[in-house]
Amino acid sequence: MAQLWGGRFTKETDQLVYNFNASISFDQKFYEQDIRGSKAHVKMLAKQGILTEEERDEILKGLDGILEDVRSGRLLITSEYEDIHSFVEANLIDRIGDAGKKLHTGRSRNDQVALDMKLYVRDEIDEIDEEVKNLLLALQKIMEEHVHTYMPGFTHLQKAQPVTLAHHIGAYFEMFRRDRSRLFDIRKRMNTCPLGAGALAGTTYPLDRTYTAELLGFDEPTRNSMDSVSDRDYVIELLSALSTIMMHLSRFSEEIILWNSNEYRFVEIDDAYSTGSSIMPQKKNPDIAELVRGKTGRVYGALMSIMTTMKGIPLAYNKDMQEDKELTFDAIDTVKGCLALFTGMVSTMQFRKDNMEASAKNGFTNATDAADYLVNHGVPFRDAHGIVGRLVLTCLDKGISLDDLSLEEYKEISPVFEKDIYEAISMRTCVEKRMTLGAPGPEVMEQVIAANKEYLAKE
């Protein structure tokens, strides 16, 4: 068992205790970050005269060799080592001898693991942001193509007023745009370097922490060594942001599942993103959407787990905090996978425009516009509301839409109606006259789409 702390102990750690304590099975995931941090630390030590230039170069060469060998598979990370730090250091000493023993000068595993986790999370935020941006690009394309695709808008899962598919998809665009801004905020707030904090109280070595921070792309070093090694706020913030991303994906998935049903038939999911039944040949199941919806709880669980872990931990570092890694790794992998698959699914879906428009008409989504017609002809709104309610009852009795009523049937309920009622309640008119910013009217939708395009073009 390769350990960095055996000098104090007179007997071997029980194997079960060792296994329970070890983190190599999961923290090997950030071997690249660990080596990146070690290289920056060594450069700083040489700059400060704590190491010679020859020792620096020897250690850097050894670290690069380990990195290359792990990447190529020539060097395996095994359970022989307690954690990724001991793996790197032990292999470095094996390769270059005594110079490798100086790698850990002025450093603790506490500030080292804090650094590794920050570097890993920062890298993953960038990758998740790219996945969210890819989804936004797919949504933008749908919006551009469906400014005039009419469909029912819903409240309480009841058909309410006519909108367009571009308008509906635009709501999700706003959600995922906010998700990107949350990721950006987290990345900016967490971008302080903990290396040099030591175990909890800094070090007596004359470290240049600002130089180390610059080498690793941080804005500045952390300002309190106790907080440096015990802070996992950025993990909690990330898992909260990931939970919100999954919530948005789940809401969208729920709608796709509904739209895919026989009752709606708004969408045709591509064969590559659906499955059939083992006994029912007619079935085409929206499995990807259902799995995304299902995996949302998995990410929520990671957030609740780390919050529960951190709630009772006194300063500074405690081994409980090792529990931050596995659940965070899993949540990140889950969200990245869900985003990639969801983007592929929506990019290949076919929208059934005729069914969408027919659903809007048959759901009396233009009833409000019929009432507005009466108001514009001098009828008090409360009276107009009652008149249109009677029109809807007539339509329900006949199994038709408002568009299908004859002018005589309109006039039987109110003589105010004239031939222009049909134009007033057409899907096109109902949508196009809603021209305030944020509404589904084509002119304002084109403005929003243009603004979205400009936003997506920015890095």
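This report walks through helix packing, a strand hairpin, salt bridges and some unusual backbone spots in one predicted model.

Residues are numbered from 1 along each chain as its sequence is written, and side-chain values use heavy atoms, with hydrogens and water left out. Because the model is predicted, local features need pLDDT of at least 70 and side-chain atom pairs count only at pLDDT 80 or more, while totals for chains, interfaces and linings use all residues.

**Helix packing**

Helices and strands here are DSSP runs, numbered from the N terminus: helices are H or I with at least four residues, strands are E with at least two. Axes are lines fitted to C-alpha atoms, for helices over the stretch in contact, and angles run from 0 to 180 degrees between N-to-C directions.

Start with helix 10 (residues 233–259) and helix 11 (residues 287–310). They pack at an angle of about 160 degrees, and their axes are 8 Å apart. The angle therefore makes helix 10 roughly antiparallel to helix 11. Angles under 35 degrees count as roughly parallel, over 145 as roughly antiparallel, 65 to 115 as roughly perpendicular and the rest as oblique. The crossing of helix 10 with helix 11 is left-handed. A crossing is left-handed if the near helix is turned anticlockwise from the far one by less than a right angle, and right-handed if clockwise. The residues of this contact divide into 18 nonpolar, 5 polar and 4 charged. Ala, Val, Leu, Ile, Met, Phe, Trp, Tyr, Cys and Pro count as nonpolar, Asp, Glu, Lys and Arg as charged, and the others, Gly among them, as polar.

Helix 7 (residues 165–190) packs with helix 19 (residues 442–457) at about 30 degrees, with the axes 12 Å apart. Helix 7 is therefore roughly parallel to helix 19. Helix 7 also passes helix 19 in a left-handed crossing.

**Salt bridges**

The structure holds 35 salt bridges. Each is a side-chain nitrogen of Lys or Arg within 4 Å of a carboxyl oxygen of Asp or Glu. Three examples follow.

| Pair | Closest N to O |
|---|---|
| Lys29 and Asp333 | 3.4 Å |
| Asp69 and Arg74 | 2.8 Å |
| Arg428 and Glu432 | 3.3 Å |

The salt bridge of Lys29 and Asp333 links distant parts of the chain. Lys29 lies in the loop between helix 2 (24–27) and helix 3 (31–47), Asp333 lies in helix 12 (residues 324–348), and 304 residues separate them. Lys29 is partly exposed at 35% relative accessibility. Asp333 is partly exposed too, at 38%. Buried means under 20% relative accessible area, exposed over 50%, and partly exposed in between (1.4 Å probe, protein chains only).

Asp69 counts as buried at 15% relative accessibility, whereas its partner Arg74 counts as exposed at 55%. Both belong to a network of salt bridges that links Glu68, Asp69, Arg74 and Arg95.

Arg428 and Glu432 sit in helix 18 (residues 427–432). They are 4 residues apart, so about one helical turn separates them. Arg428 is partly exposed, with a relative accessible area of 38%. Glu432 is partly exposed as well, at 26%.

**A strand hairpin**

Strand 1 (residues 150–155) and strand 2 (residues 158–164) run antiparallel, joined by 6 bridges. Two strands pair if DSSP finds at least two bridges between them. Met151 stands opposite Val163 in strand 2. The hairpin has 2 residues between its strands, and His156 takes a positive phi there.

**Unusual backbone spots**

Most residues other than glycine have a negative phi, and most peptide bonds are trans. His156 is not a glycine, yet its phi is positive, at about 60 degrees. His156 is exposed, with a relative accessible area of 75%.

Phe364 also has a positive phi, near 60 degrees, in a residue other than glycine. Phe364 is found in the loop between helix 13 (353–362) and helix 14 (367–376). Phe364 is buried, with a relative accessible area of 12%.

A cis peptide bond joins Leu315 and Ala316, with omega about 5 degrees. Ala316 lies in the loop between helix 11 and helix 12.

**One more loop residue**

Thr222 is placed in the loop between strand 4 (220–221) and helix 9 (225–230). Thr222 is buried, with a relative accessible area of 12%. Its C-alpha atom is 8.1 Å from that of Ala197, which is 25 residues apart from Thr222 along the chain.
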